[in-house]
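Please look through the model below before reading on. The paragraphs after it go from the whole chain to single residues.

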Amino acid sequence: MAEESQQKQSPPEKTEEMLPVLEQTCADYSQYLDVNTDKERKMIEDSIEEMLTHLDEFCGVVDMVRSESNLALNKTLPELYERSLEIRKTYERIDQLEAFVNVVRRNVNMMEELVNQAERDYSSLNSIKSLFTNIKMPIFAPKPVAPKPEVRKKFVPPEIFKTDDFFPPKEDTKTSTVTEER
C-alpha cells in the first residue's frame, strides 16, 4: 500500500520537466484572455453617438409636429371654420340665384308663347288676306260676303316676376339719410 501512495504522487523529476510546458500553456491561455477592447469600444461609442444624433433629429421633428399641430388647432382650424360659414352663405345665394333663373325661364317661355299666339292671330298673312277680300274685283272675291265684325282680343299682360322679390335692395347710407330728411 505504501507503494500505491508513492505511485499516486508524481515523482519530483516529472514535475520539474513539466513546469516549462505548464508555463507555456498558461502563457497561451493568458493570450486568449488578453482582449484588445479598443476597437469594440470605438464601434460601440460610434454607434451610441449615431443613435444620439438620430434621437436629437427625431426630437426636433416631434417638436416641429407639435408646434405645427398647435398652429393648426389654434389658428388654421378656426379660420377654416369661418371660411366654411362664408361658403355656406355663398351656396345659399347660388340656390337663390338658381331659383331666380328658373322663374325668369318660365316667364320668358310664357312671353314667347304669347308672342307666338299674337303672331298667329295678327300675322301679316291675315292682313294680306283681308286686303284681297276687301278689293271689289271679281277675280279675287268670287262672292260678295258681308264683312264680319273684327273681334279684337284684348291683350292682358301676364304677371311677371319682380327682381326685388329675389334680390332685396340694399340700404345705402346715403339713401337712408336722404329719406330721413324728407
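What percentage of the 182 residues in the protein chain is made up of buried residues? Buried residues make up 2% of them, where buried means under 20% relative accessible area, exposed means over 50%, and partly exposed lies in between (1.4 Å probe, protein chains only). This is a predicted model, in which local features need pLDDT of at least 70 and side-chain atom pairs count only at pLDDT 80 or more, while totals for chains, interfaces and linings use all residues. Residues are numbered from 1 along each chain as its sequence is written, and side-chain values use heavy atoms, with hydrogens and water left out.

The protein chain has 6 helices and 0 strands, so the order of elements from the N terminus is α-α-α-α-α-α. Helices (H or I, at least four residues) and strands (E, at least two) are DSSP runs, numbered from the N terminus. About 18100 Å² of the protein chain is exposed, and 59% of this area comes from carbon and sulfur atoms. Such areas are computed by the Shrake-Rupley method with a 1.4 Å probe; for residues, only the protein chains shown count as cover.

How confident is the predictor? Confidence is given for each residue as pLDDT, from 0 to 100. The protein chain averages 78, and 70% of its residues score at least 70. Among the elements, helix α3 (residues 38–121) has the highest mean pLDDT, 90, and helix α6 (residues 173–181) the lowest, 48. Over residues 175–182 the pLDDT stays under 50, and the model has 0 contacts beyond four places in sequence for them; contact means heavy atoms within 4.5 Å. Where pLDDT is low, the predicted coordinates should not be read in detail.

Helix α3 contains Asn107. Is Asn107 buried or exposed? Asn107 counts as buried because its relative accessibility is 10%. Beyond its neighbours within four places in sequence, Asn107 is in contact with Glu159, Ile160 and Phe161.

Leu55 is also found in helix α3. With 45% relative accessibility, Leu55 counts as partly exposed. Together with Ile44, Ile48, Leu52 and Phe58, Leu55 forms a nonpolar patch on the surface, with about 490 Å² of accessible area in total. Patches are made of residues with over 30% relative accessible area and no salt bridge (a side-chain nitrogen of Lys or Arg within 4 Å of a carboxyl oxygen of Asp or Glu); like charges are joined within 9 Å, and nonpolar side chains (Val, Leu, Ile, Met, Phe, Trp, Tyr) within 5 Å.

Note on methods. pLDDT = per-residue confidence, 0-100.
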